[in-house]
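Q: Could you take me through a close look at one part of this model, going step by step from a single residue to its surroundings?
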Amino acid sequence: MEDMSVAGLDNSKLEAIAHEIYAELVEDACLGLCFEVHRAVKCGYFFLDDTDPDSMKDFGEGERHRRLPLR
């Protein structure tokens, strides 16, 4: 990568560079999360059904669990 001084750039170019860096960081974070979830599922330690009844009350479910129908 070539050395470049940011002092000579105007605000629009600096904003474009900052947006590009931000987009790259967000994309890397999302991709990393996807890989972590995929690995957890493949290795068998990603459990969706392991919730305690107290946390289900926060979502209005109580002791009863509703399942969405498969289509």
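A: In this predicted model, Glu-20 has its place in helix α1, which covers residues 11-43. Glu-20 has a relative accessible area of 57%, and because exposed means over 50%, this residue counts as exposed. Together with Glu-24, Glu-27 and Asp-28, Glu-20 forms a negative patch on the surface. As a general point, residues three or four places apart point the same way, because an α-helix has 3.6 residues a turn.

Helix α1 itself is made of 33 residues, and from its first C-alpha to its last it reaches 47 Å, which is close to the 48 Å expected at 1.5 Å a residue. Just after α1 comes Gly-44, whose phi is positive, at about 85 degrees.

A second patch, this one nonpolar, is formed on the surface by Leu-33, Val-37, Val-41 and Phe-46, which together have about 330 Å² of accessible area. Of these residues, Leu-33 lies in helix α1, and because its relative accessibility is 53%, Leu-33 counts as exposed.

Turning to the chain as a whole, there are two helices and zero strands, and 6% of the 71 residues count as buried. The accessible surface of the chain comes to about 7,200 Å², and carbon and sulfur atoms account for 59% of that area. Helix α1 thus holds both Glu-20, a member of the negative patch, and Leu-33, a member of the nonpolar one.

Definitions and conventions
Residues numbered from 1 in each chain as written. Predicted model: local features only at pLDDT ≥ 70, side-chain atom pairs only at ≥ 80, totals over all residues. Heavy atoms only, no water. Patch = residues over 30% accessible without salt bridge, like charges linked within 9 Å, V, L, I, M, F, W, Y side chains within 5 Å. Areas by Shrake-Rupley, 256 points an atom, 1.4 Å probe, with all protein chains shown as cover. Salt bridge = Lys/Arg side-chain N within 4 Å of Asp/Glu carboxyl O. Lys, Arg positive; Asp, Glu negative; His and termini not counted. Charge placed at Lys NZ, Arg CZ, Asp CG, Glu CD. Helix = DSSP H or I, 4+ residues; strand = E, 2+ residues; numbered from the N terminus. Buried < 20%, exposed > 50% of the residue type's maximum accessible area, 1.4 Å probe, protein only. Expected span 1.5 Å × (residues − 1).
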